[in-house]
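Reader: I would like a close look at one part of this model, the hairpin loop and the strands on either side, and then at how that part relates to the rest of the chain. Please take it slowly and say how each term is defined.

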Amino acid sequence: MDLRHLTVGYRPVDSHPQALRPLGSPTRMPFVRLSGRWLERMGFGIGTAVRVHVSRKRLVLEVIEPEPIAPERRQRRYRRMAGD
């Protein structure tokens, strides 16, 4: 297993109307950014669907494998694309 260390940061979020918000203090939301070629090497390429398992103090990311196309559906799809 490959081990990575990250730090939880924050993103400012303007969730309050301007009149109710104290000056200069937007709401802060926890934020984790994952990026790097290592994601693709581990199967998390661009456009990959991901499931996040959440429990207290633990996040697990899992690739959602695409459903295989049944052979009969593949043939109908091909005919439709070919103009039949």
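Author: Lys57 counts as exposed because its relative accessibility is 80%, where exposed means over 50% relative accessible area, buried under 20% and partly exposed in between, with a 1.4 Å probe and protein chains only. The model is a predicted one, in which local features need pLDDT of at least 70 and side-chain atom pairs count only at pLDDT 80 or more, while totals for chains, interfaces and linings use all residues. Residues are numbered from 1 along each chain as its sequence is written, and side-chain values use heavy atoms, with hydrogens and water left out.

Lys57 sits in the loop between β3 and β4, strands here being DSSP runs of E of at least two residues and helices runs of H or I of at least four, numbered from the N terminus. The phi of Lys57 is positive, near 60°, in a residue other than glycine. Most residues other than glycine have a negative phi. The hairpin that holds Lys57 has two residues between its strands.

On either side of this turn, β3 (residues 50-55) and β4 run antiparallel and are joined by six bridges; two strands pair if DSSP finds at least two bridges between them. One of these links can be named, since His53 has Val60 in β4 as its bridge partner.

Val60 also leads to the largest pocket, which holds about 860 Å³ of space. A pocket is an open set of points on a 1 Å grid over the protein atoms alone, where a 1.4 Å probe fits and protein lies on both sides within 12 Å along at least five of seven lines, and lining residues have an atom within 4 Å of a point. Grid points are joined across faces, edges and corners, and the volume is the space filled by probe spheres set on them. Of the 19 lining residues, Leu6, Leu34, Leu59, Val60 and Leu61 are the closest to the centre of the pocket. β4 (58-63) and α1 (37-41) each supply at least two lining residues, and β4 gives the most, with four.

Across the whole protein chain there are two helices and four strands, in the order β-β-α-β-β-α from the N terminus. Of the 84 residues of the protein chain, 4% count as buried, in contrast to the exposed Lys57.
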